[in-house]
Amino acid sequence: MRKNYLFLFLSFLICLNISSCKRTSYKKEPNKEIILASFTVLADIIENVAKDDFVVRSIAQPGIEVHGYQPTPSDLIKASKASVFIDNGFGFELWAEKFVSNLQVKRVTISDQLDPIFISEDFYEGKPNPHAWISPKRGMIYVDIIVDSLSELQPSKAESFKNNGQIYKNKISKIDKDFSLFVNNLEKNNKYLVTCEGAFSYLTNDYGLKEAYLWPVNAESQITPKRMARTISLVKNKKIPSVFCESTVSNESQMIVVSETGANYGGDLFVDSLSQDNGNANTYLKMLQHNLTLIKKGIE
Ligand SMILES: [Zn+2]
């Protein structure tokens, strides 16, 4: 009888372990160095370069809001076991400075090697917009930076990281070319992308679209009556066919624009987080495809 209880208890522990380790990268692989990314999008890009040579983990899990994330004690334990912590920077992870200040871990911040687009509004004026990965063109630069960083960690594998990076960049490049072609064929008046958060500046800038949004950076509380009125009149005046929102925020405010203007709701775009494993944006490539397919359908 006692043995049965012991067996049940052990099974329970094993189940707990499996359910908390959904992503393949969470398998216990004691001989491999660990790379800790700040958020899921970055973790996926790194996995595509690292392949089997590193274990890649993410601090923020799928669907979690990243800007104001509060790291937990278990995040600190994860970080203490990692060879490197890779974050986006440009002020995206508001928690990152404090998080790494007590750790003896090497840090790579992607934005140190990127050209920023600055926010031109309100409280955020003059600060870089953090969401550079949203543009496939910048995504390819992320890959190059990660290839270099991983090669520094394991110089003997440099060639393999370079190859992995090239194969991956070719896939991003296909998405990039396809979207460029689409935008080039749009009529001038159809080039507006209206979203909740101002997270698409790099995409609109790199592909020749015009951007409008309800709040600049992750602060829903910042929707002012003035900004709401401005968005509504823009959508009406330019006859913008669809407006969008991001998966990690409520679309309630954008639905007001929809009901006031008669525009369509174009769908939820993924920005700061990948979807859950069973979702349709569970990798960076799928996220780009999901977003650009919705945008193409919505604004054409
Ligand atoms: Zn954001």
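## Close-up views of the predicted model

**View 1. Phe99 is buried, with a relative accessibility of 5%.** The threshold for buried is under 20% relative accessible area, so Phe99 meets it. The model shown here is predicted. Across the structure there are 10 aromatic pairs. One of them joins Trp95 and Phe99. Their ring centres lie 5.7 Å apart, and the planes stand at 80 degrees. This pair is edge-to-face, because its angle is over 60 degrees. Trp95 is buried too, at 6% relative accessible area. Step back, and the pair belongs to a cluster: ring pairs link Trp95 and Phe99 with Tyr69 and Phe85.

**View 2. The zinc ion is held by protein donors from His67, His131, Glu197 and Asp272.** Each histidine donates through NE2. Glu197 offers an OE atom, and Asp272 appears twice in the list of donors, each time through OD. The donors lie 2.1 to 2.7 Å from the zinc ion. Along the chain, they follow the spacing H-x63-H-x65-E-x74-D. His131 sits in the loop between strand 4 (106–109) and helix 5 (136–153), while Glu197 belongs to strand 5 (residues 192–197), so this pair ties together parts that are 66 residues apart in sequence. How buried are His131 and Glu197? His131 has a relative accessible area of 0%. Glu197 has 2%.

**View 3. Helix 8 and helix 9 cross at roughly 45 degrees.** Helix 8 covers residues 225–237, and helix 9 covers residues 252–261. Their axes come within 10 Å. The crossing angle makes helix 8 oblique to helix 9. The crossing is right-handed. Which residues meet here? Helix 8 brings Met228, Thr231, Ile232, Val235 and Lys236. Facing them in helix 9 are Ser253, Ile256, Val257, Glu260 and Thr261.

**View 4. Lys51 has a positive phi without being a glycine.** Its phi is about 45 degrees. Lys51 is found in the loop between helix 2 (40–50) and strand 2 (55–58). Is Lys51 buried or partly exposed? Lys51 is partly exposed, with a relative accessibility of 46%.

**View 5. Phe90 also has a positive phi, and Phe90 is not a glycine.** Here phi is about 55 degrees. Phe90 lies in the loop between strand 3 (84–87) and helix 4 (96–101). The relative accessible area of Phe90 is 14%, so this residue counts as buried.

Key:
Residues numbered from 1 in each chain as written. Predicted model: local features only at pLDDT ≥ 70, side-chain atom pairs only at ≥ 80, totals over all residues. Heavy atoms only, no water. Phe/Tyr/Trp six-rings, centres within 6.5 Å; stacked < 30°, edge-to-face > 60°. Buried < 20%, exposed > 50% of the residue type's maximum accessible area, 1.4 Å probe, protein only. Donors = N, O, S within 2.8 Å, 3.2 Å for Na, K, Ca; no water. Helix = DSSP H or I, 4+ residues; strand = E, 2+ residues; numbered from the N terminus. Axes fitted to C-alpha atoms, helices over the stretch in contact; angles between N-to-C directions. Parallel < 35°, antiparallel > 145°, perpendicular 65-115°, else oblique. Left-handed = near helix turned anticlockwise from the far one by under 90°. Contact = heavy atoms within 4.5 Å.
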